[in-house]
Amino acid sequence: MLSIENLSKSYGSQRVMKKVSLKIDSEIRVVLGLNGSGKSTMLKVVAGILKGDEGKIHINERDITGFSPEDRHVGYVPQQSSLFRHMSVRDNIRYCLRNGRGVEENIEKLIEMLGLEEVLDKKPGALSGGFQSRVSLARTLASQPHVMLMDEPLSDLDLAIKERLLPEFKKVLKTLRVPVIYVTHDLTEAELLGDCFSCMIEGVLSDADSAESAFGLIRESILKKDSH
């Protein structure tokens, strides 16, 4: 269980996240929002990359608000691949073992589930964008995180590749039975991946019944802004 209570964050005088609260069990929560709406900031505060101005974060009822990123057991997949370019795919995925995280058997399962057997000896630069995304997901999941955060990891891929990858990603993520937050501005991505939905509008998070209704709330906010 991931519980976020009244998280806020400002950059100077600009308040980018306003008392965000959210509870997620073993499900994939997709957060839709425009660029600059505060989605990525929320993930970085939960991951410990950024420090929030106020609010609390609990994972499995443990207050991790003041923990370092390394001690949070949070998996974070950024928008741009952060794979180690000098390492093979195999060494990227197994990197967590150096820090005493992960289990060999689970790593082998991930490699099989994500169809990476044939590229294990290649370097990331020799892979397509789709395969790099698979490796990024495998590397993050290999450390057995208690929560998964995904920041538009497929934004650079075309629609056909996304439509092929997202059902595979969903299947793998569901086997872990951990809370997942996936942020995007893409309605198709949201519909293919999400179990439940929220939208982020100017730093305010709101729940929605569906990806379409979340998208509708965003559209309404744009129209309202344009009319003023």
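**Exercise 1.** In which strand does Asn6 lie? Work out its backbone and its exposure too.

*Solution.* Start with the ground rules: this is a predicted model, where local features need pLDDT of at least 70, side-chain atom pairs count only at pLDDT 80 or more, and totals for chains, interfaces and linings use all residues. Residues are numbered from 1 along each chain as its sequence is written, and side-chain values use heavy atoms, with hydrogens and water left out.

- Step 1: Asn6 sits in strand E1, residues 2–11. Helices (H or I, at least four residues) and strands (E, at least two) are DSSP runs, numbered from the N terminus.
- Step 2: its phi is near 55°, a positive value in a residue that isn't glycine.
- Step 3: Asn6 has a relative accessible area of 38%, so it is partly exposed. Buried means under 20% relative accessible area, exposed over 50%, partly exposed in between (1.4 Å probe, protein chains only).

**Exercise 2.** Give His73 the same treatment.

*Solution.*

- Step 1: look in the loop between strand E5 (62–63) and E6 for His73.
- Step 2: phi of His73 is near 55°, again positive in a residue other than glycine.
- Step 3: with a relative accessible area of 26%, His73 is partly exposed.

**Exercise 3.** Find the aromatic pairs and classify what turns up.

*Solution.*

- Step 1: searching the whole structure gives one aromatic pair.
- Step 2: a pair of aromatic rings is described by the distance of the centres and the angle of the planes. Rings of Phe, Tyr and Trp (its six-membered ring) pair if their centres lie within 6.5 Å; planes under 30 degrees apart are stacked, over 60 edge-to-face, and the rest tilted.
- Step 3: the ring centres of Phe84 and Tyr95 are 4.7 Å apart and the planes are at 50°, so this pair is tilted.
- Step 4: Phe84 is in the loop between strand E6 (74–77) and helix H2 (89–93), and Tyr95 is in the loop between H2 and helix H3 (104–113), eleven residues apart.
- Step 5: Phe84 is partly exposed at 27% relative accessibility, and Tyr95 is partly exposed with a relative accessible area of 27%.

**Exercise 4.** How compact is the protein for its 228 residues?

*Solution.*

- Step 1: count seven helices and ten strands.
- Step 2: the radius of gyration is 17 Å, close to the 17 Å from the globule rule for 228 residues, so the protein is as compact as a globular protein of that length. The radius is taken over C-alpha atoms, and the rule is 2.2 Å times the number of residues to the power 0.38.
- Step 3: the C-alpha trace spans about 55 × 40 × 30 Å along its principal axes.
- Step 4: 46% of the 228 residues count as buried.
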